[in-house]
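Okay, thanks for coming, everyone. I'll put the model up and then we'll walk through it piece by piece.

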Amino acid sequence: RDLLGLYFCLETALAAAAGLLVVGQAKNWGDGFRLFFWGSVGASFLLLAAFFLYASTGTLNLDDLLSQIFITKNGKIVLAAGLVGTLAFAVPLGFPSPRFFPRLAGQTPSFVMGFISSVLARGWIYVLFVFLFFTLNLPGFNQPFWLTTIEYLLIPLFFWNYVLAFRQKDFLQAVSFISVAQSGTLLTGFLLGGKSALTGTLLELLCQLLVVSGLFFIAGTLRTAPGALPLTRLAGLGRQRPWTGLALIVFAASIVGIPPTGGSLGKWYLIQGSLERSNWVL
C-alpha cells in the first residue's frame, strides 16, 4: 500500500524475470541483461511519478495519498503521474529491440513468458486503475481532448493484434499477439471512465492475469523442447489429453466472453458502461 513499495516490487519482478531468462535459455546473458537494463530504466519513471505525487500530497501511502488528492481536487497531478508511470512499463516492453519478445517466445520456457506477459505487462494497468477508480468523482476531473484522441487511436491498434493472432501458424506466437490485443479491452474501460466501465476493467484485468498465464502454461506442457509450436500439433488434443483440451476451451471462451466464464463478467460491465455513457462507437 505504498508507492515506493510498488517500485521495489517492480524491480524485484524484473530481476526475477531476467534471472529466469538466463537460466531458461542456456545462460543467454544478453537477453537477460537487456530486459533488466531497460526494465530498470522504465522503473525510474515509476519512481519519478511517486516523487510527483509526494511533492503534491506529502505522503506515499496510497490511502493517505488518494485522500489528499480528493481533498485538493488536483486531477492534473494524477494525469501527469499516470502518464509518467505508464512509461515504467512501456519502456522495457518496447525498447530492447523490435524482435526481442517475438524471439523470446520461441526460445524461453513458456511459464517465464507467461509471467512476463501477464504480471509485468499488466502491472502498469493496475497502477492506473487505482488512481482512476478512486479519483473518478473529483469535480472537474476530465480527460483532456488530446488524451482521449490517443486512446481512441490505441484501442483499434490493440485490437488489430487479434487479426495478427489469427494469421499465425504457431500457437505461441498467436498467444503472444492475443496477450497484447486484450489490453485494448482494458483501455476501453479507462476511456469510458464510468464506475461500471472501471468495474469491468478490474474484472477483465483479474481474468486476463489468469487466462494469459494459463495459455502460456498450456503451451509449455505441449512444447517438449525450445522452438516453434505449430497449431497442427493441437490436432487430436481432446482425445490425447482431455483435461488440457478442456482447459484450452475454457480459456478461449473466456477471451471471447462466453458466459459463464470470467471474461464474460468484465465485458458485461464494459457494455453496461458504454450504454450508460451512450457511447455507441465503443
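Before the first number, one quick term: accessible areas here come from the Shrake-Rupley method with a 1.4 Å probe. With that in hand, the accessible surface of this chain is about 14400 Å², and 71% of that belongs to carbon and sulfur atoms. Please keep in mind that what you're looking at is a predicted model.

So, what is the chain built from? It has 14 helices and zero strands. If you read along the sequence, the pattern is just α after α. There are 282 residues, and buried ones make up 46% of them. How about contacts along the chain? Take the contacts between residues at least 6 apart in sequence: 74% of those join residues at least 24 apart.

Let's look at a pair of helices. Generally, two packed helices get described by the angle between their axes and the distance between the axes. Here, helix α8, residues 145-166, packs against helix α9, residues 171-181, at an angle of about 165 degrees, and the axes are 7 Å apart. Anything over 145 degrees counts as roughly antiparallel, so that's what we call α8 and α9. Their crossing is left-handed. And who makes the contact? On the α8 side we have Phe-158, Phe-159, Asn-161, Tyr-162, Leu-164 and Ala-165, and α9 brings Ala-174, Phe-177, Ile-178, Val-180 and Ala-181. Sort the residues of that contact by type and you get ten nonpolar, one polar and no charged.

Moving along, there's helix α10, residues 183-192. How many of its residues are buried? Ten of ten, so "mostly covered" is the description for α10. The buried residues of α10 include Thr-185, Leu-186, Gly-189 and Phe-190; hang on to those names, please. Just after α10 comes Gly-193, with a positive phi of about 80 degrees.

Now for helix α11, residues 195-222, where you'll find Thr-201. Is Thr-201 buried or exposed? The cut-off for buried is under 20% relative accessible area, and Thr-201 is at 1%, so it counts as buried. Leaving out residues up to four places away in sequence, Thr-201 touches Leu-186, Gly-189, Phe-190 and Leu-270.

Glu-204 is in α11 as well. At 1% relative accessibility, Glu-204 counts as buried. What does Glu-204 touch? Setting aside neighbours within four places in sequence, its contacts are Thr-185, Leu-186, Gly-263, Gly-266, Lys-267 and Leu-270. You'll have heard Leu-186 and Leu-270 turn up for Thr-201 and again for Glu-204.

Let's finish with two spots late in the sequence. In the loop between α13, 242-256, and α14, 262-276, you'll find Pro-260. What joins Pro-259 and Pro-260? That's a cis peptide bond, with omega about 5 degrees.

The other spot is Ser-278, in the segment after α14. Ser-278 has a positive phi of about 55 degrees, although it isn't a glycine. Is Ser-278 buried or exposed? Somewhere in between: its relative accessible area is 42%, so Ser-278 counts as partly exposed.

That's the tour; let's zoom in on anything you'd like to see again.

Key
Residues are numbered from 1 along each chain as its sequence is written. This is a predicted model: local features need pLDDT of at least 70, side-chain atom pairs count only at pLDDT 80 or more; totals for chains, interfaces and linings use all residues. Side-chain values use heavy atoms; hydrogens and water are left out. Helices (H or I, at least four residues) and strands (E, at least two) are DSSP runs, numbered from the N terminus. Buried means under 20% relative accessible area, exposed over 50%, partly exposed in between (1.4 Å probe, protein chains only). Contact means heavy atoms within 4.5 Å. Axes are lines fitted to C-alpha atoms, for helices over the stretch in contact, and angles run from 0 to 180 degrees between N-to-C directions. Angles under 35 degrees count as roughly parallel, over 145 as roughly antiparallel, 65 to 115 as roughly perpendicular and the rest as oblique. A crossing is left-handed if the near helix is turned anticlockwise from the far one by less than a right angle, and right-handed if clockwise. Ala, Val, Leu, Ile, Met, Phe, Trp, Tyr, Cys and Pro count as nonpolar, Asp, Glu, Lys and Arg as charged, and the others, Gly among them, as polar.
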